[in-house]
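Hi,

Here is the structure I promised to pass on. Have a look at it first, and my notes follow underneath.

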Amino acid sequence: MKLTPTQYLGSLLLPLMFLSAPVSAQEQVKIGLVAALSGDSALSGESITRGMTVAIDEINAKGGVLGGKKLVLVRRDDESNPAKGQLAARELIEKEKVAVVFGGIDTPVSMSLINVMSELKTPYMGVWAAGTGITNNNKNPNYMFRVSAVDERVDYGMLKYAQDKFKSKHPGSMLVNNPWGDSNMKGLEKAAAALNITLAGQEKYNTNDIDTTAQLTRLKNAGADSIILVGNTGVAAQVMKSLERMNWNVPVVSHWGISGGRFDELAGPRYKDVVFVQTYSFFGKQSPVGEKVIAELKKRYPEIKGVNDIVAPVGTANAYDATMLTALAINKAGSTNGEKIREAFYEIPEYKGLIKTYKKPFSAESQDALTDRDYIWVHFVGNVAVPVN
């Protein structure tokens, strides 16, 4: 369901009303969120906020953390800009004294925070950005954790999907020209070798490009029989418009950046033909946790009448589970000390979450809680991501 301007403003005010609830400093533990809260990817930041606030309310209703302290969320808008993300993270840690910083949709922002989190000895929890190097960064100790997809695993999945569903033998990729695109270029090369696929080519496009016909024409001339698309909503929409101008009806399999904004409005009529990856869907039979989260979302946001109205659902689902796991780590640490919380993430034994039941979700060898077995494939029906058959 599309929101009217009044409904959208109202949906933003509800969590802000929650965030402003008075709690004394001695009675609270703060966690931060640095994410896109404005611009083309603003819906991603809003969906993450919804997942976190539903979880925080549930945690606080059961007594909070550290023997009765309220968990409180403090947000900052990074505007999808790495420099602004770094400033925001430093401010949250040094002035607001947050125990953990959550991240948003943009891999370049998350990559830029690796050194900041290591320097300030504060855990980072990624809930959307999938860049392989965010958690696999060779830092020791490593402060970067994630409940989300991982590029290297998604790249294998996208090629396998194109191969199995579209009988594609020579996929070509369209990659946004930034560290996220670089991450996927490496991942696709590795996945192509594993699947014995010859890529028709890998093309880059810039975030301000409004016409990618030249890159797509090179892929078409090289024999591409499917397109692997990597980019967030605004820029990826330009690729779809270029395909429309070329009248090239080639299958498109996409990473999930397109689900964080208004892709249905920006990408032209072929937006609904794109198949893309998610980590969760609110469609179909739900677990008790799923039913509980849906009921909370309906109660808080009047525009949500059913699962069709839960926009950018992956942000909400990942953020809900990540917040619950973070609360468990804070309690296990018995403190808001960043080094102790980092160690405590490794000690979480089992948690029955929204996406799945996590069994020892983090270790020093893998700081990603989700695997490729947790991925699903969806397409847009209207502005809703619906599982494909």
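Let me start with Glu 58, which is buried at 15% relative accessibility (buried is under 20% relative accessible area, exposed is over 50%, and partly exposed is in between, with a 1.4 Å probe and protein chains only). Before going further, the usual small print: this is a predicted model, where local features need pLDDT of at least 70, side-chain atom pairs count only at pLDDT 80 or more, and totals for chains, interfaces and linings use all residues. Residues are numbered from 1 along each chain as its sequence is written, and side-chain values use heavy atoms, with hydrogens and water left out.

Salt bridges

Glu 58 pairs with Lys 292 in a salt bridge, with 2.8 Å between the closest N and O atoms (the criterion is a side-chain nitrogen of Lys or Arg within 4 Å of a carboxyl oxygen of Asp or Glu). This pair ties together distant parts of the chain, since Lys 292 sits in helix α12 (residues 288-300) and Glu 58 in helix α2, 234 residues apart. Helices here are DSSP runs of H or I with at least four residues, strands are runs of E with at least two, and both are numbered from the N terminus. Unlike its buried partner, Lys 292 is partly exposed, at 34% relative accessible area.

Helix α2 has another bridge, between the side chains of Glu 46 and Arg 50 (2.9 Å, N to O). These two are four residues apart in the helix, so about one helical turn separates them. Glu 46 is buried at 4% relative accessibility, and Arg 50 is buried too, at 6%.

In helix α3 (residues 82-94), Arg 90 and Glu 94 are also four residues apart, about one turn, and their side chains meet in a salt bridge at 4.0 Å, N to O. Here Arg 90 is partly exposed at 26%, and Glu 94 is partly exposed at 42%. There is also a network in which salt bridges with shared partners join Lys 30, Arg 76, Glu 91 and Glu 96. Over the whole structure, the search finds 23 salt bridges.

Cavities and pockets

Both were found on a 1 Å grid over the protein atoms alone: a cavity is a set of points where a 1.4 Å probe fits but cannot get out, a pocket is an open set with protein on both sides within 12 Å along at least five of seven lines, and lining residues have an atom within 4 Å of a point. Grid points are joined across faces, edges and corners, and a volume is the space filled by probe spheres set on the points.

There are three cavities of 30 Å³ or more, and the largest has a volume of about 40 Å³. Glu 46 and Arg 50 turn up again in its lining, along with Ser 47, Leu 297, Ile 304, Ile 310, Val 311 and Thr 316. Helix α2 (residues 42-61) provides the largest share of that lining, three residues. By class, the lining has four nonpolar, two polar and two charged residues (Ala, Val, Leu, Ile, Met, Phe, Trp, Tyr, Cys and Pro count as nonpolar, Asp, Glu, Lys and Arg as charged, and the others, Gly among them, as polar).

The second largest pocket holds about 290 Å³ of space. Its lining has 17 residues, with Ser 80, Asp 106, Thr 207, Asn 232 and Val 235 nearest the centre. The elements giving two or more residues to this lining are α4 (107-112) and α10 (233-246), and α10 has the largest share, three residues. The lining of this pocket divides into four nonpolar, eleven polar and two charged residues.

Nonpolar cores

The largest nonpolar core has 106 residues, and Phe 102, Met 125 and Tyr 320 are among those with the most contacts inside it (a core is a set of buried Ala, Val, Leu, Ile, Met, Phe, Trp, Tyr and Cys residues joined through side-chain atoms within 4.5 Å). Helix α13 (residues 313-333) contributes the most to this core, eleven residues. Apart from it lies another core of 17 residues, including Val 34 and Leu 92.

Tyr 320 also leads back to where I started: leaving out residues up to four places away in sequence, its contacts include both Glu 58 and Lys 292 (contact means heavy atoms within 4.5 Å).

Cheers
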